[in-house]
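User: I would like a close look at a single part of this model, followed by an account of how the surrounding structure is laid out. Please keep the reasoning careful.

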Amino acid sequence: MIKEYDYLIVGSGLFGSVFAHEATKLGKKCLLIDKRSHPGGNVFCENIEGINVHQYGAHIFHTNDKQIWDYVNSFVEFNRYTNSPMANYKGQLYNLPFNMNTFYQLWGVKTPDEAKEKIQSQIDQAQIGVPANLQEQALSLVGKDIFEKLIKGYTEKQWGRPATELPAFIIKRLPIRFTYDNNYFNDKYQGIPIGGYNKLTDALLEGSEVRLDTDYFQDRKHWDNIADQVVFTGHIDQFYDYRFGRLEYRSLRFEHQLMDQENYQGNAVINYTEHEVPYTRIIEHKHFEFGTQQKTVVTKEFPEDWTPEKEAYYPINDQRNNELFAKYKSLGQTQDKVIFGGRLATYQYYDMHQVIGAALKAVNVHFNPPIQPKSTI
């Protein structure tokens, strides 16, 4: 039987959108379905008073890969936004990432040697051998002051557990710069699409059919039968009916507020690092695009325990969940009619450039499979 579509793509986030774009260029007919009421996944923006509001948290594009940078800029021009967040600890402001500005704000030191000496003295005082948890790992890397003021509360809120109960591997390293440089990312290319991320996803989806408010699992048999192949970007454990159990995540809740003032906090992102403040950061969206609107929109970001009816943001990549995912991944490798991709299907936290790179790689492998050696039998 000839199917109606070449590809059913479940999910219209970056992975699904890039795959659809590339398949469409090759003459394939794609249908994307998404249970949300909008395309674009977590990069979706809502325009409020002329401000592109990142509905699912701050999305700042950054990469060292010129091909990826040129790829996204072929759809929409990106601006020169540089991520330079601040940290607020009990009313005191500190620059991020940890750099000479931060060290001056903490201790009044002015030279790299003074900062190194201060950090090393606190590391020595901690007397950590082999770190047994995140707290010990952080103390062994940056010492008491940085840990207690800029890491502890934020991290405990993010993961919902005390730092002494979190595994050390969560922070294998902490970037420390002994220069006066507030550029958060080391990547050569970074910015925000001029006009918002919807311009990127709309361009990627041009030529493909998109159906919103459509849940694949409500009529799975129907959707499987209308296309030759499925590109699945949802929860891989759900795809297999939770055969081995559920994978765990942390979730987020966002409180958006339109404010009748021109400038609320003077920066796009300010982290709140004390435990007593329930949110981890406040985002002021207009600063991503250097907005001059008379009003502003701010978003408070609250970490939450994840339940199946909530959005899944951060995989909990501990031993139990990694072993569980390995079982699902093995099942996935037996599916010749299904391509798995994206954060949820691969149980990884991806940056945007990594999702796009993974989608382009999947397209390349799928449409240009490696030549199998001929049998010698």
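Which residues does aspartate 34 touch, not counting residues up to four places away in sequence?

Analyst: The model is a predicted one, and what follows should be read with that in mind. Leaving aside residues up to four places away in sequence, aspartate 34 touches Gly11, Ser12, Gly13, Arg211, Leu212, Asp213 and Thr214. Aspartate 34 itself sits in the loop that joins β2 (30-33) to β3. Aspartate 34 is buried and yet has no salt bridge, the nearest side chain of opposite charge being that of arginine 36, 5.1 Å away. Since a salt bridge here requires a side-chain nitrogen of Lys or Arg within 4 Å of a carboxyl oxygen, the 5.1 Å to arginine 36 does not qualify. The backbone of arginine 36 does take part in a contact, however, for its nitrogen lies 2.9 Å from a polar atom of the aspartate 34 side chain.

The strands on either side of this loop can be followed a little further. Cysteine 30, at 2% relative accessible area, is buried, and cysteine 45, at 3%, counts as buried too; the structure holds zero disulfides. Beyond β3 (45-48), the loop leading to β4 (51-54) contains glutamate 49, whose phi is near 55°, a positive value in a residue other than glycine. Glutamate 49 is partly exposed, with a relative accessible area of 45%.

A positive phi near 55° is also found at phenylalanine 290, which is placed in the loop between β13 (281-284) and β14 (296-305) and is partly exposed at 40% relative accessible area.

The strand β2 also leads into the wider packing. The largest nonpolar core has 42 residues, and those with the most contacts inside it are Phe61 and Phe288. Two or more residues of this core come from each of β1 (5-10), α1 (14-25), β2, α2 (66-73), α7 (197-205) and α12 (352-367). A second core, separate from that one, has 28 residues, among them Tyr5, Tyr216, Tyr249 and Tyr347. In soluble globular proteins, nonpolar side chains tend to be buried together. As for phenylalanine 288, its contacts, again without residues up to four places away in sequence, are His54, Ala58, Ile60, Asn79, Tyr81, Ile192, Ala268, Val269 and Ile283.

Another covered part of the model is α3 (100-107), where six of the eight residues are buried: Met100, Asn101, Thr102, Phe103, Leu106 and Trp107. Their cover includes β7, α4 (112-126) and α6 (144-159). The loop from β7 (92-95) to α3 contains proline 97, and the peptide bond that joins leucine 96 to proline 97 is cis, with omega near -5°. At the start of α3, a side-chain oxygen of asparagine 99 comes to within 2.8 Å of the backbone nitrogen of asparagine 101, while glycine 108, which follows the helix, has a positive phi near 80°.

Finally, lysine 327 belongs to helix α10 (residues 319-332) and is partly exposed, with a relative accessible area of 45%. Lysine 327 and aspartate 237 are separated by 90 residues in sequence, whereas their C-alpha atoms are 9.6 Å apart in space.

Key:
Residues are numbered from 1 along each chain as its sequence is written. This is a predicted model: local features need pLDDT of at least 70, side-chain atom pairs count only at pLDDT 80 or more; totals for chains, interfaces and linings use all residues. Side-chain values use heavy atoms; hydrogens and water are left out. A disulfide is a pair of cysteine sulfur atoms within 2.5 Å. Buried means under 20% relative accessible area, exposed over 50%, partly exposed in between (1.4 Å probe, protein chains only). Helices (H or I, at least four residues) and strands (E, at least two) are DSSP runs, numbered from the N terminus. Lys and Arg count as positive and Asp and Glu as negative; His and the chain ends are not counted. A polar contact is a pair of N or O atoms within 3.5 Å; within protein, one must be able to donate a hydrogen and the other to accept it, and residues adjacent in sequence count only if both atoms are side-chain atoms. Contact means heavy atoms within 4.5 Å. A nonpolar core is a set of buried Ala, Val, Leu, Ile, Met, Phe, Trp, Tyr and Cys residues joined through side-chain atoms within 4.5 Å.
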